[in-house]
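These are my notebook entries on one protein structure. I set down here what I looked up, entry by entry.

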Amino acid sequence: MRCSPLNLKGLYIFLFLAFVGSLSAQDEAALTPDPEIGKTLFRNKCATCHNRDMKTDMTGPALGGFEERWADYPRQELYDWIRNSQAMISAGHPRAVELWNEWKPTVMNPNIDLTDNDIESLFAYIDQEFNKVPEQITGVPGAGPAETGTQNQFLYWVLLIILAAVAIVLARIIANLNQIASVQEGQEAPPRKTMREILTSRGVVSFVVFALVVFGGYTTVSNGIDFGRQQGYAPEQPIKFSHEVHSGIQGIDCQYCHDGARRSKHAVIPAANTCMNCHAAVKVGSTYGTAEITKIYASIGFDPNTDTYIENYETLPEDTIRAIYTKWIGDQYLNASGELTLGRRGEAVVEEQWEGIVDALTNELKPQIPGPIEWVRIHHLPDHVYFSHEQHVGIGKLECQACHGPVEEMEVLSQYAPLSMGWCINCHRETEVQFAGNPYYDSYARYHEELATGERITVTVEDIGGLECQKCHY
């Protein structure tokens, strides 16, 4: 049987469509969503506009529960929306137009490079964060080792009490045995000592005094060594500043805020004016909304309602300051009809945020809101130790993470390194000096020659006197 040219052409088309369909089916079957990949994609492409908790609106809508909102449309159309939202709006897609009318003029960036698997990985991460059960936080964040140490100390005290009780019982048993032995040998039984006599005997008193001297000396030396070395210490700050958001997601260089690190002994805490370089425009946070950023405004007298600094701010009564910032907070939760989107809790939320401002910016020594933000110091070296950020960052070319750990991953900043003398010495023994292109080390001619001839492979900080006592204790 011969096929006509028309039928043959139709057969080719059928086979081609079947082949494409099989490829699509294979692609769909091969999708392997990975929340970790989705996390990276969210940070790089979504975190600027969408809240990380997936439950709260920000510049863009909360992403949690997206499947329900797109349930009436094919999955592929959701992919198309993510890749090029404006194209779907222009084409008049009902759901796309509805979202545009709700969030315009904010435009979602196109993501035409994302594969189906990338998008599904993003969905997996969104679902993971949206359905995450909030952690029950007990104690101060980062205080795990301290809590464990406290539990161990309690256990030691219990064991000490048990041992003391056993010792007393054994002393009584020994006294009774000595009395029985004396009677059996026909000797006059010695008088049995009372518990008071046992506890006040010369041997017991001598042992207690010795133990107190040893324990007191150990405690004094241990506390002296540990001073300023609270590894894991993460105090609550007046403003919940997230290094993960600023340094990690937004990619802000450490030295943009801590600009003293490259030119002075101290890294310095940035002034609120540094914060305002960004937050004059970014007024609502990705996690806490207006709650934390408004504290910055209140400390320096910036009125976010008018985008101006308030004249004679220091002389204003607190009621006037309160009216300015509660209006700003409340306005952020109003919908198009002027009603609070938080419902009946709206007024309570505004009041809670105002109380947070007062608590963060005032105390017994600073009763008024205007004034600098009093951050809690985390890293503290003893006075007899000299440390220069300029020497390590500017000349040594060390990354901040070498001492402070992966700050770009820390929601709450903590002391990462022990900051002990041994830790510093080991670093000096292992760290290679950056000789190339660094004029500071030009005076070490011998080391340059040995490196050039291959006689020496590396030069460590130890080689140039990094272990000399006077380097740090002058």
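**Entry 1: salt bridges**

I began with R456 and D463, whose side chains meet in a salt bridge with N and O 3.2 Å apart. The model I am reading is a predicted one. I then looked up how open the two partners are. R456 is partly exposed, its relative accessible area being 21%. D463 is also partly exposed, at 30% relative accessibility. I noted that this pair belongs to a network of salt bridges, in which R446, E450, R456 and D463 are linked.

Next I asked how many salt bridges the structure holds. I found twelve. One of them joins D113 to K45, with the closest N and O atoms 3.5 Å apart. D113 sits in the loop between α6 (94-103) and α7 (116-130), while K45 is in helix α2 (residues 35-46), so this salt bridge ties together parts that lie 68 residues apart in sequence. K45 has a relative accessible area of 33% and is therefore partly exposed.

I also looked up the salt bridge between R263 and D259, where the closest N and O atoms are 2.8 Å apart. D259 counts as partly exposed, with a relative accessibility of 25%.

**Entry 2: aromatic pairs**

I turned to the rings and found twelve aromatic pairs in the structure. For W70 and W81, the ring centres are 6.0 Å apart and the planes stand at 40°, so I recorded the pair as tilted. W70 lies in the loop between α3 (66-69) and α4 (75-83), and W81 lies in helix α4; the pair therefore ties together parts eleven residues apart in sequence. Are W70 and W81 buried or exposed? Both are buried.

The pair of F435 and Y441 is stacked, with 5.3 Å from centre to centre and 5° between the planes. I found F435 buried, and Y441 likewise. These two rings are part of a cluster in which ring pairs link F435, Y440, Y441, Y444 and Y447.

**Entry 3: the chain as a whole**

I then stepped back to the whole protein chain, which has 21 helices and two strands. Of its 474 residues, 28% count as buried. Its accessible surface comes to about 31100 Å², and carbon and sulfur atoms hold 59% of that. I also looked up the contacts with a separation of 6 or more: 61% of them are between residues 24 or more positions apart.

**Entry 4: nonpolar cores**

In soluble globular proteins, nonpolar side chains tend to be buried together. I therefore looked for the largest nonpolar core, and I found that it has 25 residues. Y297, A298, Y313, Y325, W354, L361 and I369 have the most contacts inside this core. Which helices each supply at least two residues of this core? They are α13 (272-279), α14 (293-300), α15 and α16 (346-361). Helix α16 gives the most, with six residues.

I followed Y313 further, leaving aside its neighbours within four places in sequence. Y313 is in contact with A298, S299, I300, G301, I321, Y325, I369 and P370. Apart from the largest core lies another core, of 24 residues, among them F42, M88, L99 and V245.

**Entry 5: V393 and its surroundings**

I placed V393 in helix α17. Its relative accessibility is 15%, and V393 therefore counts as buried. Beyond the neighbours within four places in sequence, V393 is in contact with Q255, A261 and L398. I looked up A261 in particular: V393 and A261 are 132 residues apart in sequence, yet their C-alpha atoms are 6.5 Å apart in space.

**Entry 6: positive phi angles**

Finally, I looked up backbone angles. N312 is not a glycine, and yet it has a positive phi of about 50°. I found N312 in the loop between β2 (308-309) and α15 (318-331). N312 has a relative accessible area of 55%, which means that it is exposed.

K397 has a positive phi of about 60°, and K397 is not a glycine either. Where is K397 found? I located K397 in the loop between α17 (389-395) and α18 (401-404).

Terms used: Residues numbered from 1 in each chain as written. Predicted model: local features only at pLDDT ≥ 70, side-chain atom pairs only at ≥ 80, totals over all residues. Heavy atoms only, no water. Helix = DSSP H or I, 4+ residues; strand = E, 2+ residues; numbered from the N terminus. Buried < 20%, exposed > 50% of the residue type's maximum accessible area, 1.4 Å probe, protein only. Salt bridge = Lys/Arg side-chain N within 4 Å of Asp/Glu carboxyl O. Phe/Tyr/Trp six-rings, centres within 6.5 Å; stacked < 30°, edge-to-face > 60°. Contact = heavy atoms within 4.5 Å. Areas by Shrake-Rupley, 256 points an atom, 1.4 Å probe, with all protein chains shown as cover. Core = buried A, V, L, I, M, F, W, Y, C linked by side-chain atoms within 4.5 Å.
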